[in-house]
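Work through these short exercises with the structure in view. Each task is followed by a solution in steps.

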Amino acid sequence: MKKYNFNAGPSILPREVIENTAKQILDFNGSGLSLMEISHRAKDFQPVVDESVALIKELLNVPEGYSVIFLGGGASLQFMQVPCNFLIKKAAYLNTGVWAKKAQKEAQFYGEVVEVASSADANYTFIPKGFIVPADADYLHITTNNTIYGTEIRKDLDVSVPLIADMSSDIFSRPIDVSKYDCIYAGAQKNLAMAGVTVIIVKDDKLGRAPRKIPTMLDYRTHVEKGSMFNTPPVVPIYSALENLRWIKRNGGVEAMDKRAHQRAELLYAEIDRNRLFEGTVKEEDRSLMNVCFVMSKEYAELEKDFLAFATEKGMVGIKGHRSVGGFRASCYNAMTLEGVEALVTCMKEFENRI
């Protein structure tokens, strides 16, 4: 039976990316050594980093004056590293979910933090609109996609202060105007690579302005100057990112990924809206294309476990919703095929016909 991976993260990757990475793990570039055991300073590995950086800049149309670096620690480390480097006196945060709230909490160690808006009282079922950002804020931090709750900001906000974004779960799924951001960061385990590496796109002339002495490892300038080689980088995850970036380019770039995302999500949301057994969990205008969250309709709430078991038997993997929302979550990242979503829709229809 074919299985379809809807896990929220670590998540689905293109099969050829997995296979190509596996080959290099066995024998990297014919060296007789595994990718897992080569030195990050080996002459054959520097081109991996160089090509990865070049592809990120190409695919996202990154302007001059920005650097791309690879670090460990995931987005969770960036929650602290961003304010350490960018918060001078006051930072503004938009609270749209658990990860946004955690980022906001870490920033409080470095200065005043203003929550410009929050949808917490509604269990994060919408993206706040019409909020005011303090003109004297050093930056506004946003989380563009909220994996737990299924909401997404799918446009580049126009604000009067520098913009910083956690794009961990929707980077490379759509075109973005990088010039509107001072910093973009993303944990890799959604749309970029296997877990273990974080990509940071940072505006060079905004570094070094913080009024504090920054520890060497936490200073973005350290890693920009050393080309992500200040300490041993996560070699295998970076290589898997390279393979995935090549795959994105071969398949039409972020414009094509955006089209695929709309096709998948529109198909699945249409079935959620049609099917009497299910209902969506967030406001329609804020629905995520990456993480489709839905629950059983109140009338059929007692069937939740039955549908989960039925879907699992049909090969649907990882569709159980986060405990904060319940129900189901189908994560449809770049590597998810339309066939996979069609299989889930068929599964939902079959279950409806049994009731």
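**Two domains and their interface**

Domain 1 and domain 2 of this predicted model bury about 2,200 Å² between them. Carbon and sulfur atoms account for 54% of that area.

**Exercise 1.** Locate the two domains and state how far apart their C-alpha centres lie.

*Solution.* Start with the bounds. Domain 1 covers 15-251. Domain 2 covers 252-353. Now take the C-alpha centres of the two domains: they lie 27 Å apart.

**Exercise 2.** How many residues of each domain are in contact with the other?

*Solution.* Take domain 1: 30 of its residues are in contact with domain 2. On the other side, 28 residues of domain 2 take part.

**Exercise 3.** Count the salt bridges and the polar contacts between the domains, and check one salt bridge against the cut-off.

*Solution.* Begin with the salt bridges: the count is two. Asp286 forms a salt bridge with Lys129. Their closest N and O atoms are 2.9 Å apart. The cut-off is 4 Å, from a Lys or Arg side-chain nitrogen to a carboxyl oxygen of Asp or Glu. Next, the polar contacts: 18 residue pairs across the interface, both residues at pLDDT 80 or more.

**Exercise 4.** Which helix or strand gives the largest share of the side of domain 1 that touches domain 2, and which residue classes make up that side?

*Solution.* List the elements that supply at least two residues each: strand E6 (145-146), strand E7 (151-152) and helix H6 (235-250). H6 gives the largest share, four residues. Then sort that side of domain 1 by class: eleven nonpolar, eleven polar and eight charged residues.

How values were computed: Residues numbered from 1 in each chain as written. Predicted model: local features only at pLDDT ≥ 70, side-chain atom pairs only at ≥ 80, totals over all residues. Heavy atoms only, no water. Domains from an automatic or database assignment. Contact = heavy atoms within 4.5 Å. Buried area = accessible area lost by both parts, 1.4 Å probe. Polar contact = N/O pair within 3.5 Å; in protein donor to acceptor, adjacent residues only side chain to side chain. Nonpolar A, V, L, I, M, F, W, Y, C, P; charged D, E, K, R; others polar.
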